[in-house]
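User: I have a model to go through and would like each label set against its definition. Please take my questions in turn.

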Amino acid sequence: MSFLTMDKVSHHYFSSKGYTKALDQVSFSVKEGEFIALLGPSGCGKSTILSILAGIIQPTGGNVLLQEKPISHSTLAIGYMLQQDYLFPWKSIMENVLLGPKLSHTDTEEMKAAALDMLEEVGLPEVADFYPSSLSGGMRQRAALVRTLINDPKILLLDEPFSALDYQTKLKLEDLVSNILKTYRKTTILVTHDIGEAIAMSDRILMMNANPRTIAKSFEVPVELRNEAPFQARKHPKYQLLFEKIWSELDKRENASPNAKVVPKDNGE
Ligand SMILES: Nc1ncnc2c1ncn2[C@@H]1O[C@H](COP(=O)(O)OP(=O)(O)OP(=O)(O)O)[C@@H](O)[C@H]1O
């Protein structure tokens, strides 16, 4: 059974000048525990999909279903990680991590012990009392991951979470995050511009079109790659084959995708 479904989801952004068609009848399903990567030309609507799944914006058309029922953001825990870590600079790492539990009045001693364990798991055993400014970018992003996972989200949304990091840190974090997500079996949707990252981390890749702004193709990642950690997967011959296939599809779309236009109010559409 499908866990999460987008069924003909469309979205228009409205402004005083008119509207922008950001998504056009996007449909796809995700299985529980599956890791999906969303690739596509700039401006094709990837982040809009995550904002809809996170409940930040309501789609102007179509439905989002969780286990075949309309999704309820008031009862569903969704984790959202972005390029920036958004740690509060005036709070210690532990206070940042325990923010969610504090808001839900579950910041117990057990929760604190679980947070310490998780910090250790991501290689940050001694930073609980540090402030974010004393941590490197990669360490901060690992702390942000713990802050997200401590709330036990049913769905994890990752919007280019490694793109601001240097290449070596990014590769190390891909391995770490992939390992942790396999342990916790989180249903995950990753938005990325990095084809290699998409192949090395996910089970399936959805490629979007910019015109119309919808899902154009789906690529299964071979099981041999999925069984490896991302760094090792990148060395597999099947990685290169899939990379080239996706590259040529993406290249066609990049070349054929003008930016979304604002449709003036009196257009009559
Ligand atoms: N708040 C907004 N108001 C008006 N238009 C918007 C808004 N947010 C996004 N758009 C437009 O909607 C379209 C889809 O944007 P979105 O950010 O979802 O694309 P994306 O694929 O994530 O882009 P990128 O890869 O460059 O991050 C774009 O044309 C963008 O300009």
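Analyst: What follows goes from the whole protein to its domains, its core and one strand residue. This is a predicted model, in which local features need pLDDT of at least 70, side-chain atom pairs count only at pLDDT 80 or more, and totals for chains, interfaces and linings use all residues. Residues are numbered from 1 along each chain as its sequence is written.

User: What makes the protein as compact as a globular protein of its length?

Analyst: The radius of gyration is taken over C-alpha atoms, and the globule rule is 2.2 Å times the number of residues to the power 0.38. For 269 residues the rule gives 18 Å, and the protein has 19 Å, which is close, so the protein is as compact as a globular protein of that length. Its C-alpha trace spans about 60 × 45 × 40 Å along the principal axes.

User: How many helices and strands are there in the protein?

Analyst: There are 10 helices and 11 strands, counted as DSSP runs (helices H or I, at least four residues; strands E, at least two) and numbered from the N terminus.

User: Which domains does the assignment give, and how many residues does each put into the contact?

Analyst: Bounds come from an automatic or database domain assignment. The result is domain 1 (4-76 + 157-258) and domain 2 (90-153). Their contact takes 10 residues from domain 1 and 9 residues from domain 2, where two residues are in contact if their C-beta atoms, placed from the backbone, lie within 7 Å. The centres of the two domains, taken over C-alpha atoms, are separated by 26 Å.

User: Why is the largest nonpolar core said to lie between the domains?

Analyst: A nonpolar core is a set of buried Ala, Val, Leu, Ile, Met, Phe, Trp, Tyr and Cys residues joined through C-beta atoms within 7 Å. The largest one has 63 residues, and L38, V146, I199 and I205 have the most contacts inside it. Domain 1 and domain 2 both give residues to this core, so it lies between them. Leaving out residues up to four places away in sequence, I199 touches I205, V221, L225, Y239, L242 and F243.

User: Why is E220 called exposed or buried?

Analyst: A residue is buried if 20 or more other C-beta atoms lie within 10 Å of its own, exposed if 12 or fewer, and partly exposed in between, with C-beta atoms placed from the backbone. E220 has 11 C-beta neighbours inside 10 Å, so E220 counts as exposed. E220 is in strand β10 (residues 215-220). Between E220 and D203 the C-alpha to C-alpha distance is 6.4 Å, at 17 residues apart in sequence.
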